[in-house]
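Grab a pen and work through these short exercises with the structure open beside you. Try each task before you read its solution.

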Amino acid sequence: MIQSRTHTCNELRATNVGEKVTLVGWYENLRKVSKNLGFLILRDFYGTTQIVIETEEMMQALDGVNNESTISVEGVVRERSSKNPKLPTGEIEVVPEKISVLGSCRYNALPFEINHSTDADENLRLKYRYLDLRNPAVKDKIVLRSKIVAELRQRMMDLDFLEITTPILTCSSPEGARDYLVPSRVHPGKFYALPQAPQQFKQILMASGFDRYFQIAPCFRDEDARADRSPGEFYQLDMEMAFATQEDVFSVVEEVLPPVFEKYGKYKTASKAPFTRIPFLEAMDKYGSDKPDLRIDLVLQDATEVLSGCGFGPFEGNVIKAVVVDQFGATRKVIDKICSDVEVQTGNKAYWFKLDDKGDLVGGISKFLVNIKDQVVEALGLKPGDFIGLTAGTKLKAQKTAGVLRNLLGANCEAHMKKECYEFCWIVDFPMYEIGEESGELEFCHNPFSMPQGGLDALNNQDPLTILAYQYDLVCNGVELSSGAVRNHDPEIMVKAFNLIGLGEDDVKAKFPAMYNAFCYGAPPHAGIAPGVDRMIMLITGEDSIREIIPFPMNKNAMDVMMNAPATVEQKQLDDVHIQIKVDDKDKE
């Protein structure tokens, strides 16, 4: 062992009894029994070892040494009289001959107890992240992250993918989120942008003659935080393949990911190839979501025809979706909580009724259905004991609300959810275009670089809203891990695709000059995908918050409270990059 120690704090065993050793680490705590007897716990990156203080002189050497100071202990290993089978080092202890303080902790009180840091306020944990990371439970997730990334990298190289890093300083590109801009010192008034993804670079690599590319790519997007999305930056397993189809991408992902999930995951079972494939429109109609959790076996039914005329106001003139759960034994309190959670998550209400064991409609909106009971039972295929959850609104609103209701009902009914597994699926056949909610104009539905199904003929002759794209999402347990696509590598098709949303050839050349020109020199058909590393590790560890698996995450307000970023800078720095700050009064508040 190096670093002025003979062993780590997780290494000594009964076979080391009698050896003289040197250990280093953090002084976790000292349990004093008397003035000449105490038990000190020494902790390093690897584990803990008990140090037995047996002399008054050695006890005095620890006077004034605060917990979390770093120390060196030289002593002799002996067998413990009272062994601790829960610890790898529980058979031995070290009797010190010399204790030296290497780095003093100057504070008597810590912001939180190290081994219980996860119970502290999140902003406090992030401010003192260097203390939070000393907690073995927190540290272990970062160690696991390193192992998972290494395994992903090795599996990709085993499949003949070449790891290539792409630029961090690049140009602003309309990827769908806000860019982080970097002012140029030597080009006044011009800006670099941090890449939202290596999208254009990896496609240019395909046009450059590379066959299989990947990288663990840092991506930067100025967007708000969510439980499954960190603000600012994130990492993805970015990959692209030349002369490839959608099937080629699916084959690689299905070979690489399940073994990693099974090896490191909280659950030891993952979907085997081929993953279930669900067209986008079917996913919305059947599951109310384009990221369905297939561990839940509940599906949506359309109840518009049978319920629209029942006299219940919210149903009139709307699409109605139903989720039927057999033998749902939840209490009224649980049902009310589910309906409340649906409204919180979607802004829309959920409704319900039951068919009791006698075959009568009871509870919820049942009084509006008495006169059409037989039609309702037949239309929804109901059986005594069934619970029926309902949503209403425009088609999309009814679907999405029912999708959230489905998830909550599944989570509250063990019979309809197999929790301890990783269920992967592909969502395929996304629409190429949609009408923007804000603009009211035709827009790309997903990735503008995707190849339309039917190629140029579809763009020339189909209603744009009926055109499907070779786009696909990878979903696991209701979490979208990635979007991918077969790329539009043909300049003529690319220009026509952008023409439909009002952009001409000159606009395409101006926005994507390098990629457009590269494709004009003969580009191969190519396809790719980029599963999110952070989200994968969040699923693998079973964490609810993505911040738990990132070494130094920002908080929910996109602030690094440990480093105090973002922060003001000196005027000279602004002058160097030709920036003048203008802050509105409302921004000062």
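**Exercise 1: a sheet and its edges**

Task: Find the residue of β13 that is the bridge partner of Asp302, then work out how the strands of this sheet are ordered.

Solution. Keep in mind that this is a predicted model.
- Step 1: Asp302 has Lys321 in β13 as its bridge partner.
- Step 2: Look at the two strands involved: β12 and β13 (residues 319-325) run antiparallel and are joined by 3 bridges.
- Step 3: Zoom out, and you get an open sheet of 5 strands with antiparallel pairing, in the order β12-β13-β16-β14-β15.
- Step 4: Check the ends: β12 (300-302) and β15 (361-362) are the edge strands, each pairing on one side only.

**Exercise 2: the nonpolar core**

Task: Which residues touch the most other members of the largest nonpolar core?

Solution.
- Step 1: In soluble globular proteins, nonpolar side chains tend to be buried together.
- Step 2: Here the largest nonpolar core has 67 residues, and Phe261 and Phe424 touch the most other members.
- Step 3: Helix α6 (residues 246-264) gives the most to this core, namely 9 residues.
- Step 4: Leaving aside neighbours within four places in sequence, the contacts of Phe424 include Leu257, Phe261, Phe275 and Leu474.

**Exercise 3: a pocket**

Task: What lines the second largest pocket, by class?

Solution.
- Step 1: This pocket has a volume of about 850 Å³.
- Step 2: Of its 22 lining residues, Tyr180, Leu181, Asp222, Pro566 and Ala567 are the closest to the centre.
- Step 3: Sort the lining by class: 16 nonpolar, 3 polar and 3 charged.
- Step 4: β7 gives the most to the lining, with 3 residues.

How values were computed
Residues are numbered from 1 along each chain as its sequence is written. This is a predicted model: local features need pLDDT of at least 70, side-chain atom pairs count only at pLDDT 80 or more; totals for chains, interfaces and linings use all residues. Side-chain values use heavy atoms; hydrogens and water are left out. On a 1 Å grid over the protein atoms alone, a cavity is a set of points where a 1.4 Å probe fits but cannot get out, and a pocket is an open set with protein on both sides within 12 Å along at least five of seven lines; lining residues have an atom within 4 Å of a point. Grid points are joined across faces, edges and corners, and a volume is the space filled by probe spheres set on the points. Helices (H or I, at least four residues) and strands (E, at least two) are DSSP runs, numbered from the N terminus. Ala, Val, Leu, Ile, Met, Phe, Trp, Tyr, Cys and Pro count as nonpolar, Asp, Glu, Lys and Arg as charged, and the others, Gly among them, as polar. A nonpolar core is a set of buried Ala, Val, Leu, Ile, Met, Phe, Trp, Tyr and Cys residues joined through side-chain atoms within 4.5 Å. Buried means under 20% relative accessible area, exposed over 50%, partly exposed in between (1.4 Å probe, protein chains only). Contact means heavy atoms within 4.5 Å. Two strands pair if DSSP finds at least two bridges between them.
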